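Me: I should like to learn how the features of a structure are read. Could you take me through one, feature by feature?

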There are 2 protein chains.
Amino acid sequence: MQRYFLQREAFNIDTVELPPDVVHHIGTVLREGPGYRMVLLDGTGVEYESEVLTLDKKTGTAKVLQKREATTELPIDVTLAYALPKGDKVELVAQKATELGLHHLLVFESKRSVAKWDAKKAPKKVERLQKIMQEAAEQSYRAVVPTCQYVSSRELAHGFEQYDAIVLAYEETAKSGEQSALANVIASLAPGARLLLIVGPEGGFDQDEIDGWVERGGVPCAFGPRILRSETAPLYALAAISYALELT
Amino acid sequence: MQRYFLQREAFNIDTVELPPDVVHHIGTVLREGPGYRMVLLDGTGVEYESEVLTLDKKTGTAKVLQKREATTELPIDVTLAYALPKGDKVELVAQKATELGLHHLLVFESKRSVAKWDAKKAPKKVERLQKIMQEAAEQSYRAVVPTCQYVSSRELAHGFEQYDAIVLAYEETAKSGEQSALANVIASLAPGARLLLIVGPEGGFDQDEIDGWVERGGVPCAFGPRILRSETAPLYALAAISYALELT
């Protein structure tokens, strides 16, 4: 069934008003009309199975048939802090991490980030990532659209206290043969726990950065014995979290 | 340490002859020469820590200092049969799956594959994937370069007997809420076992295809409760296998 995210306020009244982009998609792209059934989402984890009541060129309404809690969200709340990589890899990661259950994406410049975001352009780039994540959330049956923010290294470190655990993807850990840290962290998390996952750019993290984060409670982890690219590491971690908490 | 795959025969004699591309990389790209230490690989899982003895414009030799078994290979042998997706997604999967430990990539046309490979062009495309996988293998510290083949659906099904287990990525399984099949399959595998993982194109598999494969021993599996894109599913499965067998 097709899925659409709407503003939360849309569900305050009995008859849901459909926004123009949804009206366009149902009427013009799908060529459907009154009677069409779909799932509407308020972005908080609730699904509303609904039916189109009226549909004109630019406006439309729907009736909620059934309201239910979604079952497609990870049992823990995962934030990825991703050090700005080269090119459009951050877009790939935003899309794939959404499919894999991510809740919040923080993009930041680490010491070795080659790419930089101009302060003026950052809001546009965040907006684009947000759009990619909304589409990925709809397609992957998510009930929550992940949020996206551009933060400084300082803001990142100052936010550590909000999290129950902090995983640092650190390739030197992989090279040294340490292999159980990630599983230990995942096993320590109760449902609803907040996990921060920090992944570096192509050149990895600076030793000073790692040391500072470890001092504040970060745990350097290997994601298997192979050396993963910057954009592969977050996907590995999210798949591992899903496997450990949803499949076993 | 920089890593290079050489032909297996290069290690039959005491002084290893370096091929022109490696000579170019060491001399021109890295600006190194005699005394430079690196890891040479024969592609069978053995690493040779080596030192450059001589290096000219186009030729060079190296001495093996230490020979050892690599520790970066998955404990099981994984083959991915990937139904031809649209665009260059197969290249993304070839690269990422190599990083995640894949051993063999079979590309095939499933009933719902929109993209087709012209029989004449297939060898060129396979060659390109092979090159992507060699580069990914070097960068990710693999000791084996995965193989790549273009096969027909019939060849794929006829090869089922070679495998100890066959996992079918099937999104209907995810929608129905079944969640333990993948973990059960992974738990059943002894070191050295051969696993075949079949992943469909954008439109998923045809019911007839799935039924035929299940009859021959395939196990439909969900990769978590979310619906993954065609190119994300193999990465999820490989990360889950690594997590289960290498990290826990």
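The dialogue below treats a sheet, a single residue, a helix pair and a chain contact in turn.

Reply: Please keep in mind throughout that this is a predicted model.

Me: Let us begin with the sheet. In what order do the strands of the open sheet in chain A lie, and in which sense do they pair?

Reply: A sheet is read across its strands, from one edge to the other. In chain A the order is E8-E7-E6-E10-E9-E11, an open sheet of 6 strands with parallel pairing.

Me: Which strands stand at the edges, and why is one side of each left without a neighbour?

Reply: The edges are formed by strand E8 (147-150) and strand E11 (218-221) of chain A; each has a single partner strand, so one of its sides has no neighbour in the sheet. From one strand to the next, the twist averages 20°.

Me: How many bridges join the neighbouring strands E6(A) and E10(A)?

Reply: Pairing is followed bridge by bridge. E6(A) and E10(A) run parallel and are joined by 6 bridges, with Asp77(A) having Arg194(A) as its bridge partner in E10(A). On another side of the account, E6 (residues 77-83) pairs with E7 (residues 104-108) of chain A in the parallel sense over 5 bridges, and there Ala81(A) has Leu106(A) as its partner in E7(A). E9(A) and E10(A) also pair in the parallel sense, over 4 bridges; Leu168(A) is found opposite Ile198(A) of E10(A).

Me: How many residues of E10(A) are buried?

Reply: Burial is judged residue by residue. In E10(A), 5 of 6 residues are buried, and the strand is mostly covered.

Me: Which strands does helix H7 of chain A lie across?

Reply: A helix on a sheet is described by the strands it meets and by its angle to one of them. H7 (residues 207-215) of chain A lies across E9 (165-169), E10 (194-199) and E11 of chain A, and runs at about 130° to E11(A).

Me: May we turn to a single residue? Is Ile26(A) buried or exposed?

Reply: Here one counts the surrounding C-beta atoms, and 20 or more within 10 Å make a residue buried. Ile26(A) has 22 others within 10 Å and is therefore buried. This residue belongs to helix H1 (residues 20-29) of chain A.

Me: Which residues does Ile26(A) touch, leaving aside those up to four places away in sequence?

Reply: The contacts of Ile26(A) are Glu32(A), Tyr36(A), Val52(A), Leu55(A) and Gly60(A).

Me: How does one read a pair of helices, and at what angle do the axes of H2(B) and H3(B) cross?

Reply: One takes the distance, the angle and the handedness together. The axes of H2(B) and H3 (residues 122-139) of chain B come within 8 Å and cross at roughly 30°. Angles under 35 degrees count as roughly parallel, and the two helices H2(B) and H3(B) are therefore roughly parallel to each other. The crossing of H2(B) past H3(B) is right-handed.

Me: Which residues of H2(B) and H3(B) meet?

Reply: From H2(B), the residues include Val90(B), Ala94(B) and Thr98(B), and from H3(B) they include Leu129(B), Ile132(B) and Met133(B). By class, this contact has 7 nonpolar, 2 polar and 2 charged residues.

Me: Finally, how many residues of chains A and B are in contact?

Reply: A chain contact is read by its residues, its elements and its chemical classes. Here 31 residues of chain B contact 31 residues of chain A. On the chain B side, the elements giving two or more residues are H2 (89-99), H6 (181-187) and H8 (233-247). H8(B) gives the most, with 9 residues. By class, the chain B side has 14 nonpolar, 11 polar and 6 charged residues.

Key. Residues are numbered from 1 along each chain as its sequence is written. Chains are lettered from A and ligands numbered from 1 in the order in which they are written. This is a predicted model: local features need pLDDT of at least 70, side-chain atom pairs count only at pLDDT 80 or more; totals for chains, interfaces and linings use all residues. Two strands pair if DSSP finds at least two bridges between them. Axes are lines fitted to C-alpha atoms, for helices over the stretch in contact, and angles run from 0 to 180 degrees between N-to-C directions. Two residues are in contact if their C-beta atoms, placed from the backbone, lie within 7 Å. Ala, Val, Leu, Ile, Met, Phe, Trp, Tyr, Cys and Pro count as nonpolar, Asp, Glu, Lys and Arg as charged, and the others, Gly among them, as polar. Angles under 35 degrees count as roughly parallel, over 145 as roughly antiparallel, 65 to 115 as roughly perpendicular and the rest as oblique. A crossing is left-handed if the near helix is turned anticlockwise from the far one by less than a right angle, and right-handed if clockwise. A residue is buried if 20 or more other C-beta atoms lie within 10 Å of its own, exposed if 12 or fewer, and partly exposed in between; C-beta atoms are placed from the backbone.
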